Amino acid sequence: MISTVPEGLKRDAKRPRAWREARLVCVDDPERTRRQYGLSFEPVDHSTAQWGHCARLVGRAQSTRMYIVADEANWIERICAQTFGDDARLLVDFYHVSEYLVDASHARRPSKPKQWLQTQQKRLKRGQYRKVIQELAPHVEDSRVADEQAPIRSAHRYLTNRQDQLFYDEALA
């Protein structure tokens, strides 16, 4: 969300700002160290053209393999498929995955949560997401426990439902 000033109002006017959702697109080519950004207040479907345009500006060829790092918003997956088809793999951003694991770490290893978290993060980066899921499985809280009080179950469900978006080893190679 970005604060904007409606047309005709001065910045110093009382409460001149409005909040609008913006969509930021960033395409990075690490080999060439080139990065292209795009920003739009337009509807989601506008992101398709903008994303493709940014990719072309950094030198994406038609068959270039791409890794799209994003949160789990459904519209991003749809736009990714429309824009890049089979040439792209969608990855849930590592920060979001880690948020779930941080919560689970305190329940799983209260005495050494940071150590447990780092072990799981290393496994994910090596492509061993199944090991992380297996590590969580025996400790999943009872279904009668509310989700807010069940961090291991939440992390287990989150990772299990996104197994096709956890290929960090490929993206880091």
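Helix α1 covers residues 46–57 and has 12 residues. From its first C-alpha to its last, helix α1 reaches 17 Å, close to the 16 Å expected at 1.5 Å a residue. The model described here is predicted. The buried residues of α1 are Ser47, Gln50, Trp51, Gly52, Cys54 and Ala55. They pack against three strands and a helix: β3 (23–29), β4, β5 (66–70) and α2 (74–84). Just after α1 comes Gly59, with a positive phi of about 100 degrees.

Around this helix, the protein has 7 helices and 6 strands in total. Their order along the sequence is β-β-β-β-α-β-α-β-α-α-α-α-α. The pattern thus opens with four strands and ends with five helices. Of the 173 residues, 35% count as buried. Among contacts with a separation of 6 or more, 45% join residues 24 or more positions apart.

The interior was examined next. In soluble globular proteins, nonpolar side chains tend to be buried together. The largest nonpolar core in this model has 19 residues. Val97, Leu101, Leu124, Leu136, Leu159 and Tyr168 have the most contacts inside it. Five elements give two or more residues to this core: strand β6 (88–92) and the helices α3 (94–108), α4 (113–125), α5 (129–136) and α6 (151–160). Leu159 illustrates the packing. Leaving aside residues up to four places away in sequence, Leu159 touches Val97, Leu101, Val132, Ile133, Leu136 and Leu166. Apart from this core lies another, of 16 residues. Its members include Val25, Cys54, Ile68 and Ala88. Cys54 is also one of the buried residues of α1.

The surface has its own nonpolar features. The accessible surface of the protein comes to about 11300 Å². Carbon and sulfur atoms account for 48% of this area. Leu24, Tyr37 and Leu39 form a nonpolar patch on the surface. Together, these three residues have about 340 Å² of accessible area. Tyr37 lies in strand β4, which spans residues 34–40. Its relative accessible area is 46%, so Tyr37 counts as partly exposed.

Charged pairs were considered last. Side chains of opposite charge can pair when their charged atoms come close. The whole structure holds 5 salt bridges. One of them joins Arg89 to Glu170, with the closest N and O atoms 2.9 Å apart. Arg89 lies in strand β6 and Glu170 in helix α7 (residues 168–172), so this pair ties together parts that are 81 residues apart in sequence. Glu170 is partly exposed, at 28% relative accessibility.

A second salt bridge links the side chains of Asp142 and Arg144, at 2.8 Å from N to O. Asp142 is partly exposed, with a relative accessible area of 36%. Arg144 counts as exposed, because its relative accessibility is 74% and the cut-off is over 50%.

Asp147 and Arg157 also meet in a salt bridge, at 3.3 Å from N to O. Asp147 lies in the loop between α5 and α6, and Arg157 lies in helix α6, so the pair ties together parts that are 10 residues apart in sequence. Both residues are partly exposed: Asp147 has 36% relative accessibility, and Arg157 has 35%. Arg153 joins Asp147 and Arg157 in a network of salt bridges.

Note on methods
Residues are numbered from 1 along each chain as its sequence is written. This is a predicted model: local features need pLDDT of at least 70, side-chain atom pairs count only at pLDDT 80 or more; totals for chains, interfaces and linings use all residues. Side-chain values use heavy atoms; hydrogens and water are left out. Buried means under 20% relative accessible area, exposed over 50%, partly exposed in between (1.4 Å probe, protein chains only). Contact means heavy atoms within 4.5 Å. Accessible areas come from the Shrake-Rupley method with a 1.4 Å probe; for residues, only the protein chains shown count as cover. Patches are made of residues with over 30% relative accessible area and no salt bridge: like charges are joined within 9 Å, nonpolar side chains (Val, Leu, Ile, Met, Phe, Trp, Tyr) within 5 Å. A salt bridge is a side-chain nitrogen of Lys or Arg within 4 Å of a carboxyl oxygen of Asp or Glu. The expected span of a helix is 1.5 Å times one less than its number of residues. A nonpolar core is a set of buried Ala, Val, Leu, Ile, Met, Phe, Trp, Tyr and Cys residues joined through side-chain atoms within 4.5 Å.
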